[in-house]
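Let's take a walk through a protein model together, starting with the overall layout and ending at a pair of rings. Keep the 3D view open as you read.

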Amino acid sequence: MASAAQAAREIPEKSLFRIGEVSRLTATKTFVLRFWETEFPSLQPVKSPSGHRLYRREDIETVFEIKRLLYEEGFTIAGARKHLAEVHNSGGGAIAGENAPGREVVALREPAARLSRKLLLDLQEELLAVLTLLERE
């Protein structure tokens, strides 16, 4: 079976994916993806103005990592959630022990880092909504 890192490299070169595309890419049912959103705070796709889930590349990498932890490593959901939180808090990437090429791992201070991340995610969501509206015209 391919590792999460290998699978992540096979993600098409685009920035946003609908839930059906993510389901096919990760071989994970859509209802499982929606359930994982409720269980893993690190998995939070943005929503378009029409309410469609739009997964970023990092969300897909997180799905691959969750799937690896649950199905290959035998973690419980609570254990996988804790593991992902520890990896995230230690400054690691979405894939444990690996950094995405070209990205530096920067340890940010809490809670300013969390606030900044939330502001950036909110801004990104708003920009995606504007982009979606512009593409419709």
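What follows goes from the fold as a whole to one side-chain pair.

Before anything else, please keep in mind that this is a predicted model. The protein contains 6 helices and 3 strands. If you trace the chain along its sequence, these elements come in the order α-β-α-α-β-β-α-α-α.

How much of the protein is buried? Of its 137 residues, 32% count as buried. On the outside, the protein exposes about 9,100 Å², and 56% of that area is supplied by carbon and sulfur atoms. As for contacts, take those between residues at least 6 apart in sequence: 57% of them join residues at least 24 apart.

Now for the rings. The structure holds 1 aromatic pair, formed by Trp36 and Tyr71. Their ring centres are 6.3 Å apart and the planes meet at 45 degrees, a geometry classed as tilted. That label applies because the angle is neither under 30 degrees, which would count as stacked, nor over 60, which would count as edge-to-face.

Where do the two partners sit? Trp36 belongs to helix α3 (residues 30-39), while Tyr71 belongs to helix α4 (residues 57-72), so the pair ties together parts that are 35 residues apart in sequence.

Are the two residues buried or exposed? Trp36 has a relative accessible area of 3%, so this residue is buried. Tyr71, in contrast, counts as exposed, because its relative accessibility is 53% and the cut-off for exposed is over 50%.

Note on methods
Residues are numbered from 1 along each chain as its sequence is written. This is a predicted model: local features need pLDDT of at least 70, side-chain atom pairs count only at pLDDT 80 or more; totals for chains, interfaces and linings use all residues. Side-chain values use heavy atoms; hydrogens and water are left out. Rings of Phe, Tyr and Trp (its six-membered ring) pair if their centres lie within 6.5 Å; planes under 30 degrees apart count as stacked, over 60 as edge-to-face and the rest as tilted. Helices (H or I, at least four residues) and strands (E, at least two) are DSSP runs, numbered from the N terminus. Buried means under 20% relative accessible area, exposed over 50%, partly exposed in between (1.4 Å probe, protein chains only). Contact means heavy atoms within 4.5 Å. Accessible areas come from the Shrake-Rupley method with a 1.4 Å probe; for residues, only the protein chains shown count as cover.
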